[in-house]
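Me: I'd like a close look at one part of this protein, and then a walk outward from there to a few other spots. Please keep it friendly, since I'm new to this.

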Amino acid sequence: MRIHVPDQPTGRLSDAWRVCVGTGRFDLALRRDYQDSLALVQREIGFRHIRGHGLLSDGVGVHRPYEHRGARHVRHSFTYVDQVVDAYLELGVRPFVELGFMPSDLASGDQTVFWWRGNVTPPESWTEWADLVRATVGHLVDRYGPDEVRRWPIEVWNEPNLPDFWQRADRDAYHRLYEVSAHAVKDVDAGLQVGGPAISPGADEWLAPFAEFVTARDVPVDFVSRHAYTSGPARHVPFGTHQTLAPAAHLLEQFAAPRRHLAGTALADLPVHITEFNSSYRPDNPIHDTAFHAAYLAPVLAAGGDLVDSFSYWTFSDVFEEQGIPTALFHGGFGLLTHRQIKKPTYHLYAFMARLGDRVLARGDDHLVTRDASGRVAVLAWAPVDVTGRDPVDRHEVALSVPLSGATSAFVLRSSVSEEHGNAWRAWGELGRPASPRPGQLDTLREAAEPARTHRSLPVAGGRVAVDLTLSRHEVTLVEITAVRDETPPWWDDARLYGDPGDAAPGSDADPDSGAPGGDAAPGSGAPGGDPGDGAAERP
């Protein structure tokens, strides 16, 4: 059945999907491959903020205690902070600041997380922690100006409900950390945004107590944050992980959870930021690299902005080392890009979203139709997926009647990724999964990573275009429909592309240049009957 797309918009398309994107730890941004990757992402997608761990960890070197004249002092150093933030701003993306983890010389314990050992214990001195927060935020305001930094949300810690990220997952200790941190931020500038509690999935029971705590103690909070993932328990193999997945609709349910749990509290109307989301929470799960993943997440990007103020894909690049240095180019990393800027299918899902208009004409379980200010209509459509892999959909039909005014024909450009197209992960497998591809192989993978693109002209009848799409397994497609203004000159005739049909074909009996019997000699050829000349023949 053909779906009739309304002429008038039903609403605006939220850009919550591009408000923020995740990144590996803060100091990775000093690397060339990281900056090259971020430049590509910003050029073709254009995120507004970027969030990652480790701003205050030892690798960035902000907290530098020393002894002088028998007393402990602290020097706050921003050498790396300035380089990273400068690079971000030059690339058109602002920090979404995460306060963490604990500098080892300030920590009350030695518990760490990740290969790079981020300390996850409370501070030995709450006063020194508050000084560190004030100094860091104050430096950012001094360097970039209060009007700029007021646009950077500041989140306190990461997933404190998990003992891996906060010693004993002590909720009361986190509340104290939040209180001290939030006041320190506001001491610098009352207009700065601060929030939390940055909980992981399955910890919504933290939200109401957090609201009660900040309300009872008059602690500032400007937004609420949570994370969302849909993968089950990890089944490990060497240098990899496999997990079951819940349907993608579970991500949308998690997006909606904070407002549901905070209804009736003082935080009920605050912005909600999903500061991490993905399918798997593991950086070594190959599902992230597949065409399935793009089709799985398409309905989430299409609808997530109706539920939250932002939802941040974790992460933009595979330059990421929580579980150690990757051992192969494709290793199941979180990134939209591999190392060396090879685009994954989910990268193209985001690039397709960036091509949509801001006026929603229609939504469905398998499509989103928009229009922009120029009148261009864009259709994002996706094939349904089976999260078990047992019953994949190999053929899916989407038929639309799309409004397009002011023209008798439409130019239709279609870009697609699927199992067959725009799928560098599959090409890598066909190449034998080289751990370190040679330059020529990298070129091949980059070419294989590009979407399939086709174009055609379709008639506009009664102000409408009939769009018939057949989607293959795990396909995500973008169809851009533009009204054609015909500027063909009046003398143009496609039938004459290879010459005038009334002219004789070269070499035929009627061709005077062929020398065939019955033909006149060419002028200036010196042949009998020809005019003498210098050998230069003139033709009409």
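Reply: Start with strand β13, which is covered on both faces: F223, S225 and H227 on one side are buried, and so are V224, R226 and A228 on the other. Before going on, keep in mind that this is a predicted model, where local features need pLDDT of at least 70, side-chain atom pairs count only at pLDDT 80 or more, and totals for chains, interfaces and linings use all residues. Residues are numbered from 1 along each chain as its sequence is written, and side-chain values use heavy atoms, leaving out hydrogens and water.

Now some vocabulary. "Buried" means under 20% relative accessible area, "exposed" means over 50%, and "partly exposed" is in between (1.4 Å probe, protein chains only). Helices (H or I, at least four residues) and strands (E, at least two) are DSSP runs, numbered from the N terminus.

Back to β13, residues 223-228. It is largely enclosed by the rest of the structure, because 6 of its 6 residues are buried. The two groups of side chains fit a common pattern: in a regular strand the side chains alternate between the two faces of the sheet.

Who sits beside β13? Strand β12 (residues 194-199) runs parallel to β13, joined by 4 bridges. One partnership to look for is P197 with S225 in β13. Two strands count as paired if DSSP finds at least two bridges between them. Strands of a sheet pair through backbone hydrogen bonds, either parallel or antiparallel.

For the antiparallel version, try strand β22 (residues 409-417), which is joined to β23 by 8 bridges. There, S415 stands opposite R453 in β23. Both strands belong to an open sheet of 7 strands, in the order β2-β18-β19-β20-β25-β22-β23 with antiparallel pairing. β2 (11-12) and β23 (452-459) stand at the edges with a single partner strand each, so one side of each has no neighbour in the sheet.

There is also an open sheet of 3 strands, ordered β1-β21-β24, with mixed pairing. Its edge strands are β1 (3-4) and β24 (464-472), each pairing on one side only. Strand β21 (residues 395-403) and β24 pair in the antiparallel sense over 9 bridges, and H396 stands opposite L471 in β24.

Helices offer buried residues too. In helix α4 (residues 146-149) you'll find E148, which counts as buried because its relative accessible area is 18%. Apart from its neighbours within four places in sequence, E148 is in contact (heavy atoms within 4.5 Å) with L89 and R94. Over in helix α6 (residues 207-216) sits T215, which is partly exposed at 45% relative accessibility.

Finally, the loops have some backbone details worth a look. H474, in the loop between β24 and β25, has a positive phi near 60° although it isn't glycine, and at 10% relative accessibility H474 is buried. R340, in the loop between β17 and α9, also has a positive phi, near 70°, but R340 is partly exposed at 45%. That loop between β17 (310-313) and α9 (345-354) holds T315 as well, and the peptide bond from W314 to T315 is cis, with omega near 15°.
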